[in-house]
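Let's work through a few exercises together. Have a look at the model below, try each task yourself, and then follow the solution.

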Amino acid sequence: MSILEVKNLNLGFQCEDIFRQALYDVNFSLEKGKMLAIVGESGCGKTMSAMSILNLIPKTAKITSGKIIFQKEDLLKKSQKEMQNFRGSKIALIPQDPMTSLNPLYTVGDQLFEILKIHQNLQGDEAVKKAIEAFEAVQIPSAKTRLKNYPHEFSGGMKQRAIIAMALACNAEILIADEPTTALDVTIQAQIMKLLNEIKINNKTSILLITHDLALVSENADDIAVMYAGRIIEQAPNKEFFSNPNHPYSKALLNSLPANNKEKLQTIEGQPPTLSQEINGCKFHPRCKNCMKICTQKIPKLIKINTIHSSACFLNNSEDLPV
Ligand code: SF4
């Protein structure tokens with residue numbers, strides 16, 4: 001069952017007097033109690049797609065069309081004030097850098113109490129009880145004592161756990177985890193991903209994972225959407241994607257993983273296009289080893305290549321079948 005649906009999302013930036021499109025008809029749905037990973041290189045539009053859900057896009061960005069359906073309501077029709085009822089309490093963000101996400105001037109407990117007061121109307125002993133429960137749920141030891149600590153007294157992994165605790169304390173139904181382990185070392189990364197998986201299973205929380213790390217995705221995500229230059233170019237459940245990758249970009253990403261290429265790591269020649277670069281046809285064509293003439297002229301549509309797998313590539317030669 002879908003808990004969140006992003007439909008035909010188009011977004012761009014006003015750059016002086018030119019409007020540059022950054023997202024093109026982005027479609028995905030997040031299932032209840034599942035983890036969907038949106039994967040791609042920096043600047044591909046994955047973070048902008050996620051931030052659109054919370055209406056936390058930069059001032060220069062504009063959503064030109066689309067729908068974001070949550071609990072039968074279109075979030076794109078909500079005012080900033082109305083969105084405050086969704087942010088944190090129903091849809092929570094786990095940011096990339098836990099180091100800068102907590103206010104260094106207040107104890108971690110005070111920051112958690114503030115959230116409980118705003119979103120749950122809890123104060124005093126009730127708030128302390130709930131905060132301790134939230135810290136224990138994310139395995140922060142000596143929870144009662146740790147609430148009195150300032151952020152600088154927490155390690156990077158503990159700060160990320162505290163931020164996840166804040167999301168849990170409000171019973172958020174969706175967690176948007178934007179590169180949640182990038183700033184952490186490898187062993188802590190694994191612990192945080194294990195924790196997110198436990199939350200997903202135990203609380204039936206849905207998680208939207210934004211990442212460039214396919215290895216992380218292979219071990220954790222239920223469903224995968226690959227983005228390139230503002231478009232979703234491949235979508236499939238985890239097992240199907242890793243056993244039967246279709247799009248040349250996805251295959252190149254997989255070939256660049258150490259585990260998949262024991263002899264020599266392969267790189268993808270070239271760079272993803274910037275917003276100001278105009279590329280006709282398939283935006284991956286300057287980097288694609290399979291490029292054909294049509295690829296430089298037309299944009300391939302995302303089409304179903306089987307019942308559970310979609311890809312946007314002319315090699316599939318079945319463009320007429322809409323997704
Ligand atoms: Fe490569 Fe053409 Fe497919 Fe684009 S449409 S990925 S250029 S083969």
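## Exercise 1: The neighbours of β8

Met 35 stands opposite Ile 207 in β8. Before you go on, note that this is a predicted model, where local features need pLDDT of at least 70, side-chain atom pairs count only at pLDDT 80 or more, and totals for chains, interfaces and linings use all residues. Residues are numbered from 1 along each chain as its sequence is written, and side-chain values use heavy atoms, with hydrogens and water left out.

Task: find which strands pair with β8, and in which sense.

Solution.

Step 1. Get the terms straight. Strands (E, at least two residues) and helices (H or I, at least four) are DSSP runs, numbered from the N terminus. Two strands pair if DSSP finds at least two bridges between them.

Step 2. Start from Met 35. Strand β3 (residues 35-39) pairs with β8 over 5 bridges, in the parallel sense.

Step 3. Now try Leu 175, which also stands opposite Ile 207 in β8. Strand β7 (residues 174-178) is joined to β8 by 5 bridges, and these two run parallel. Further along, Ala 177 has Leu 209 of β8 as its bridge partner.

Step 4. Trace the chain between the two. β7, helix α7 (residues 186-203) and β8 make a right-handed β-α-β unit. Right-handed means that, with the strands pointing away from the viewer, the path from the first strand over the helix to the second runs clockwise.

## Exercise 2: Covered or open?

Task: decide whether β8, β7 and α1 are mostly buried or exposed.

Solution.

Step 1. Set the cut-offs. Buried means under 20% relative accessible area, exposed over 50%, and partly exposed in between (1.4 Å probe, protein chains only).

Step 2. Take β8 (residues 206-211): 6 of its 6 residues are buried. Ser 206, Leu 208 and Ile 210 point one way, while Ile 207, Leu 209 and Thr 211 point the other way. That fits a general pattern: in a regular strand the side chains alternate between the two faces of the sheet.

Step 3. Turn to β7. 5 of its 5 residues are buried, so β7 is largely enclosed by the rest of the structure. Ile 174, Ile 176 and Asp 178 point one way from β7, and Leu 175 and Ala 177 the other way. β7 also runs parallel to strand β6 (residues 91-94), with 4 bridges joining them; there, Ile 91 stands opposite Ile 174.

Step 4. Finish with helix α1 (residues 46-53). Here 7 of the 8 residues are buried, so α1 too is largely enclosed by the rest of the structure. Among the buried ones are Lys 46, Met 48 and Ile 53.

## Exercise 3: The antiparallel sheet

Task: work out the strand order of the antiparallel sheet, and place Asp 74 in it.

Solution.

Step 1. Read off the order. 4 strands form an open sheet, β2-β1-β4-β5, with antiparallel pairing. Its edge strands are β2 (18-31) and β5, each of which pairs on one side only.

Step 2. Find Asp 74: its place is in strand β5. 2 bridges join β4 to β5, and Ile 69 has Asp 74 as its bridge partner.

Step 3. Check the surroundings of Asp 74. Asp 74 is buried, with a relative accessible area of 11%. Asp 74 and Ser 2 are 72 residues apart in sequence, yet 14 Å apart in space, C-alpha to C-alpha.

## Exercise 4: Positive phi

Task: which phi values do Gln 71, Asn 121 and Asn 55 have, and where do these residues sit?

Solution.

Step 1. Know the background. Most residues other than glycine have a negative phi.

Step 2. Look at Gln 71, with a positive phi near 50 degrees. Gln 71 is in the loop between β4 (61-70) and β5 (73-74), and at 37% relative accessibility it counts as partly exposed.

Step 3. Move to Asn 121, with a positive phi of about 55 degrees. Asn 121 is found in the loop between α3 (108-120) and α4 (124-137), and counts as exposed at 60% relative accessibility.

Step 4. Add Asn 55, which follows α1 and has a positive phi near 55 degrees.
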